[in-house]
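Biologist: I'd like to go through this one with you and ask how each label was earned. Can you show it to me?

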Amino acid sequence: TATITKQETSGRHTTTNATLYHLNFESNLIDCPGLQEFGLYHLEISQVANYFPELHPYLGKCKFSNCIHINEPNCAIKTNLAEIDSSRYEYYVRLVTSLQRKNKY
């Protein structure tokens with residue numbers, strides 16, 4: 001990116017063509033123009049917990065089968081928060097909240 005201007009909060013994209021870099025035998029890096037955001041908006045909210053291995057022991061044990069493990073009563077994950085890394089659960093909540101906002105558009 002170019003230098004950060006006062007009008008922007010990030011640098012200006014300066015890449016004009018895609019370039020493939022071979023880093024080593026197993027790794028490659030592609031530098032391409034125009035990528036400004038990486039999102040997980042293709043995920044269904046009901047499936048997000050499946051991507052958190054630490055939540056697996058509690059899945060399917062909530063009172064409601066459509067529990068998204070944030071505000072629902074008798075949620076097995078909320079009941080066992082002391083057993084779950086708080087930063088991981090906080091990340092889960094941020095991700096679900098982000099997906100909920102995106103789905104409102």
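Modeller: Sure. Helices (H or I, at least four residues) and strands (E, at least two) are DSSP runs, numbered from the N terminus. Histidine 69 is found in the loop between β2 and α1. This is a predicted model, where local features need pLDDT of at least 70 and side-chain atom pairs count only at pLDDT 80 or more, while totals for chains, interfaces and linings use all residues. Residues are numbered from 1 along each chain as its sequence is written, and side-chain values use heavy atoms, with hydrogens and water left out.

Biologist: Why is histidine 69 called buried?

Modeller: Buried means under 20% relative accessible area, exposed means over 50%, and partly exposed is in between (1.4 Å probe, protein chains only). Histidine 69 has 6% relative accessibility, so it counts as buried.

Biologist: And what makes asparagine 74 exposed?

Modeller: Asparagine 74 comes out at 52%, so exposed is the label. It lies in the loop between β2 and α1.

Biologist: What is notable about the phi of histidine 69?

Modeller: Most residues other than glycine have a negative phi. Histidine 69 isn't a glycine, yet its phi is positive, about 65°. Asparagine 74 is not a glycine either, and its phi is positive at about 55°.

Biologist: How do you know that glutamate 54 and arginine 88 form a salt bridge?

Modeller: The rule asks for a side-chain nitrogen of Lys or Arg within 4 Å of a carboxyl oxygen of Asp or Glu. Here the closest N and O atoms are 2.9 Å apart, and the pair is a glutamate with an arginine. Glutamate 54 sits in the loop between β2 and α1 and arginine 88 in helix α2, so the pair ties together parts that are 34 residues apart in sequence. By this rule, the count comes to one salt bridge.

Biologist: Are those two partners buried or partly exposed?

Modeller: Glutamate 54 has 26% relative accessibility, so it's partly exposed. Arginine 88 is at 29%, so partly exposed fits there too.

Biologist: What makes a set of residues a nonpolar core?

Modeller: The members are buried Ala, Val, Leu, Ile, Met, Phe, Trp, Tyr and Cys residues joined through side-chain atoms within 4.5 Å. The largest one has 20 residues, and Val48, Leu55, Ile77, Tyr92 and Val96 touch the most other members. Helix α2 (86–103) and helix α1 (76–79) each supply at least two residues of this core, with α2 giving the most, five.
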